[in-house]
Amino acid sequence: MSTVSYKHFQHAHCESGVTANLLRHEGINISEPMAFGIGAGIFFAHLPFVKVSGTPGTTFRTWPGAIFKRTTQRLGIEMHTERFRSPERANQALDSVIATGKPVGMLSSVYYLPYLPEAFRFHFNAHNLVVYGKENGQYLVSDPILEDVATIAPEDLAKARFAKGTPEPRGFMYYVKSVPQHIDYTKAIQAGIKQTCFFMLSPPLPWFGNKAIFLLSKQIKKYPQKLTPRKASLYLGNVVRMQEEIGTGGAGFRFLYAAFLQEAGTMLKRDDLQGFSAELTKIGDDWRNFAYHAARLMKDRKSDLVSFDELSDLLRVCGEKERDLFGRMQKIKW
Amino acid sequence: MKTNEVPQDKRDFKEGDKIHKLMYAVDNDGKYTGITSAGWEAENIATKQAWDAVDEELAETADKVKKGELSSIAYYMQKNLMEVSLLASYVGKWQWQVKRHFKPSVFNKLSADMLAKYAAVFNISVDELKSFGK
């Protein structure tokens, strides 16, 4: 089996990165921010009662698979998606597709990817990567978060694709079946923006969307009374990690989305989108400021009431600014 | 974030410096562009803390195994960053059964098959599983 003329591009986030890389291979010139924005990737949720490794779950993105699915649907691209019962079948199916020269996207667990540094290898099951060929019994991998391509042994890839836990990837793989002659970006961008505003502003529950930012802000205020200094520090650390680490990222997602708004503004010749982009860039800086102070507080491990209060306020301001921004974006006349 | 503000704080633990992530930042004309980053102090502190917590708990468990309070399964479970629920689904058992296997008295009576299953999940040999802490 030979390698196809696949070109690897590094991206900030795995799912939007894989989507962009797969589409570019088909000759569709789409950037990662565009894929992220059309797929309405930005989101927020804080679930104090769902403990992940003992700390409350926080996410800055929409659920795994959604970005890819929405983006391809909105651009009218036909995809093939498949899950498998057994690793053997999954590998066979993969081999037969890459033999035809098609790069294949798939879900994997970060923990079982030996080419990643140990620092990042937690049991996180929703990491996307592309396999684009096989050489000397090793799969050729294009992992969008890496600067360069990598290789992986079939046994390791099978483990990563059939990891247990939540969510189970069950060998999930996807590739492009057909691409339409003409792509209507205007409609796709509008739909993406509308959906993002809806998900941020509309959920009537306190745990999802913009409301959850205020919930987390209130929770942080209570950490010094409710938790031991060690626990408080771990909880805060988790928020910072979810905000900045591999495959995720709170501030990072703000910048990614702002980059989308800028590109969309240029493409559709709309100054209002450029303005929203500049505003969101500033809000992203506020999130970074929050993460910076949270990390400092964590390092000191002092339950200094004033600092937790200040931190809570920094976050509340982020929430207020975003509520205002997405509120105005929702009212855009197209 | 401006391009010259993209942090370059080295992530110097557990091979973390092998990766340079891409970040989006605005240049002098306010235009977005991708820049690679070596890491960021705030993120490094948080990641390091999570690993330190893992290492601390692992050392505590290793002690308990050596004292004969827990079986080596508890140690290797933590070493593989697993929780009881995850390990149980890997070996195809209920959580209460896995917890029982944490008892040294139960562990000593486990069948060769069961031990082989655990060893395979932990990516070690049965001998390593049996001899840890002895």
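Select K269(A) to begin: with 8 C-beta neighbours inside 10 Å, this residue counts as exposed, because the cut-off for exposure is 12 or fewer. The model is predicted. K269(A) sits in the loop that links helix 9 (250–268) to helix 10 (271–300) of chain A. Check the backbone there: phi of K269(A) is near 55°, a positive value in a residue other than glycine. Most residues other than glycine have a negative phi.

Next, a residue in chain B. Select N123(B), found in the loop between helix 6 (112–122) and helix 7 (126–131) of chain B. Phi of N123(B) is near 60°, again positive in a residue that is not glycine. N123(B) has 11 C-beta neighbours inside 10 Å and so counts as exposed.

Return to chain A and select M329(A), which belongs to helix 11 (residues 305–330) of that chain. Is M329(A) buried or exposed? M329(A) has 20 C-beta neighbours inside 10 Å and therefore counts as buried, the cut-off being 20 or more. Add I193(A), C197(A) and F276(A) to the selection: M329(A) touches these three, leaving aside residues up to four places away in sequence. Then draw a distance from the C-alpha atom of M329(A) to that of K194(A); the two are separated by 8.1 Å, although the residues are 135 apart along the chain.

Now the sheet of chain A. In what order do its six strands lie? The order is 3-8-4-5-6-7, in an open sheet with antiparallel pairing. Select residues 78–82 and 150–152 of chain A to mark the edges: these are strand 3 and strand 7, and each pairs on one side only. From one strand to the next the twist averages 35°.

Within the sheet, select strand 4 (residues 104–108) and strand 8 (residues 173–178) of chain A, which run antiparallel and are joined by two bridges. G105(A) stands opposite Y174(A) of strand 8. Strands of a sheet pair through backbone hydrogen bonds.

Keep strand 4 of chain A shown and add residues 154–161 of chain A, which form helix 5. This helix lies across strand 4, strand 6 (138–142) and strand 7 of chain A, and runs at about 65° to strand 4.

Move to the boundary between the chains. There, 33 residues of chain B are in contact with 38 residues of chain A. Which elements of chain B supply at least two residues each to the side that touches chain A? They are strand 1 (21–26), strand 2 (32–37), helix 1 (41–66) and helix 3 (84–91) of chain B. Helix 1 of chain B gives the largest share, nine residues. By class, the side of chain B that touches chain A has 19 nonpolar, seven polar and seven charged residues.

Stay on helix 1 of chain B and add helix 2 (residues 72–79) of chain B. The two helices pack at an angle of about 165°, with their axes 9 Å apart. Helix 1 and helix 2 of chain B are therefore roughly antiparallel to each other, since angles over 145 degrees count as such. Helix 1 of chain B passes helix 2 of chain B in a left-handed crossing. To see the contact, show side chains for E57(B), L58(B), T61(B), A62(B) and V65(B) of helix 1, and for S72(B), A74(B), Y75(B), Q78(B) and K79(B) of helix 2. By class, this contact has five nonpolar, three polar and two charged residues.

Technical notes. Residues numbered from 1 in each chain as written. Chains lettered and ligands numbered in written order. Predicted model: local features only at pLDDT ≥ 70, side-chain atom pairs only at ≥ 80, totals over all residues. Pairing = 2+ DSSP bridges. Helix = DSSP H or I, 4+ residues; strand = E, 2+ residues; numbered from the N terminus. Axes fitted to C-alpha atoms, helices over the stretch in contact; angles between N-to-C directions. Contact = placed C-beta atoms within 7 Å. Nonpolar A, V, L, I, M, F, W, Y, C, P; charged D, E, K, R; others polar. Parallel < 35°, antiparallel > 145°, perpendicular 65-115°, else oblique. Left-handed = near helix turned anticlockwise from the far one by under 90°.
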